[in-house]
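Here is a set of exercises to work through with the model open beside you. Try each task before you read its solution.

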Amino acid sequence: MASNRPHPHSLGYTQFESAPGFLPCLVSLLGYPDIPFHIRQSAAVRVKLLCRMYWAGPRSKHLNDQDRAAVRSSMVQLLCSQHEELIRVQLAECFFVIARNDFPAQWPTALDEAVHALTNAPNPQSLYGALLAYNQLCKVYRTALNDKDAVVLEEICNKGMSIVLNLLQETTKQKTPEAYAFAHLAIKTVNYCLYIRVPAFFKPIATMDSLMQMLLSIAAAEIPAELVHTLYEQRQLKM
């Protein structure tokens, strides 16, 4: 016989999550490395689910503007400070969902925050987190289906891509696992920005062939051969 007792999770748990200040509080918990990893990992998964619901799901109107702003303002810093990959990947998805819905209109500082982090990262882990934030912005607009999106993508590229390319050249000289991971993500980021055309930030590189040759020479010189194939993982790049 089926019980009429409600599931424990239905006893106010959802209502508590909807309380003002709950989501920013849960997000802030991820920034405390002294908290046991399994607790922070569980919190990260829940934050991801809540971000999906509040920014792209049926509860999108149930989060107040103050909480939205608090969550947005913490994203780049958390990505840069979070060194555990299993948590960082959850945060990256949160960043993507929020940026896809709020950038640039409701989150005009997102690009500047990511670029600032790229140029001021104190260590390789923070640098990777900063690149991951920039990568997610590129990923949001990688298809640029209309002129408005293309303008945003061009701004993203103009503000940050030359920094990424310079960092790519610098980090590949280090021949460390962290440098290889950065190079892998950097090349994927370049790939996202080449879906439409070669924009102004690649000048004086005039053609797609010369750009590809440059990237291949960087990769082949210092990075294991398998990482070169990252250039072709998503699609054949064309003008």
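A polar contact is a pair of N or O atoms within 3.5 Å; within protein, one atom must be able to donate a hydrogen and the other to accept it, and residues adjacent in sequence count only if both atoms are side-chain atoms. Please keep in mind that this is a predicted model, in which local features need pLDDT of at least 70 and side-chain atom pairs count only at pLDDT 80 or more, while totals for chains, interfaces and linings use all residues. Residues are numbered from 1 along each chain as its sequence is written, and side-chain values use heavy atoms, with hydrogens and water left out.

**Exercise 1. The surroundings of Asp102**

Find the side chains with which the side chain of Asp102 makes polar contacts.

Solution.
- Step 1: locate the residue. Asp102 sits in helix 5; helices here are DSSP runs (H or I, at least four residues), strands are runs of E of at least two, and both are numbered from the N terminus.
- Step 2: check its burial. Asp102 has a relative accessibility of 7% and therefore counts as buried. The scale is: buried under 20% relative accessible area, exposed over 50%, partly exposed in between, with a 1.4 Å probe and protein chains only.
- Step 3: look for partners. The Asp102 side chain makes a polar contact of 2.7 Å with the side chain of Trp55, and a polar contact of 2.7 Å joins it to the side chain of Arg72.
- Step 4: widen the view to contacts (heavy atoms within 4.5 Å). Leaving out residues up to four places away in sequence, Asp102 touches Trp55, Arg72 and Trp107.

**Exercise 2. A buried acid without a salt bridge**

What is the nearest side chain of opposite charge to Asp67, and how far away is it?

Solution.
- Step 1: set the rules. Lys and Arg count as positive, Asp and Glu as negative, and His and the chain ends are not counted. A salt bridge needs a side-chain nitrogen of Lys or Arg within 4 Å of a carboxyl oxygen of Asp or Glu.
- Step 2: place the residue. Asp67 belongs to helix 4, residues 65-81.
- Step 3: apply the rules. Arg68 is the nearest side chain of opposite charge, 8.7 Å away, and the buried Asp67 has no salt bridge.
- Step 4: see what the side chain does reach. The backbone nitrogen of Gly21 is 2.7 Å from the Asp67 side chain. Not counting residues up to four places away in sequence, Asp67 touches Ala19, Pro20, Gly21, Phe22 and Pro24.

**Exercise 3. Salt bridges across the sequence**

How many salt bridges are there, and which parts does the pair Glu84 and Arg40 tie together?

Solution.
- Step 1: count. The rule gives six salt bridges.
- Step 2: take the pair Glu84 and Arg40, whose side chains meet at 3.0 Å, N to O. Glu84 is in the loop between helix 4 and helix 5 (85-102) and Arg40 in helix 3 (residues 37-56), so the pair links parts 44 residues apart in sequence.
- Step 3: compare burial. Glu84 is partly exposed at 28% relative accessibility, whereas Arg40 is buried at 3%.
- Step 4: repeat for another pair. Glu93 and Arg52 form a salt bridge at 2.2 Å, N to O. Glu93 lies in helix 5 and Arg52 in helix 3, so this pair ties together parts 41 residues apart in sequence.
- Step 5: turn to helix 8 (residues 147-171), where Lys159 and Glu155 are four residues apart, about one helical turn. Their side chains meet in a salt bridge of 3.6 Å, N to O, and Asp112, Glu155 and Lys159 are linked in a network of salt bridges.

**Exercise 4. The core and one helix that faces it**

Which residues have the most contacts inside the largest nonpolar core?Solution.
- Step 1: define the set. A nonpolar core is a set of buried Ala, Val, Leu, Ile, Met, Phe, Trp, Tyr and Cys residues joined through side-chain atoms within 4.5 Å.
- Step 2: find its centres of contact. The largest nonpolar core has 65 residues, and Met75 and Tyr134 have the most contacts inside it. Elements giving two or more residues to this core include helix 3, helix 4 and helix 9 (177-192).
- Step 3: list the partners of Met75. Leaving aside neighbours within four places in sequence, Met75 is in contact with Val27, Leu91, Cys94, Phe95, Ile98 and Trp107.
- Step 4: look at helix 6. Its buried residues are Ala110, Leu111, Ala114, Val115, Ala117 and Leu118. Seen down the axis of helix 6, they fall within an arc of 160°, so they line one face of the helix; the arc is that of the directions from the helix axis to the C-beta atoms.
- Step 5: see what covers them. The cover includes helix 4, helix 7 and helix 8.
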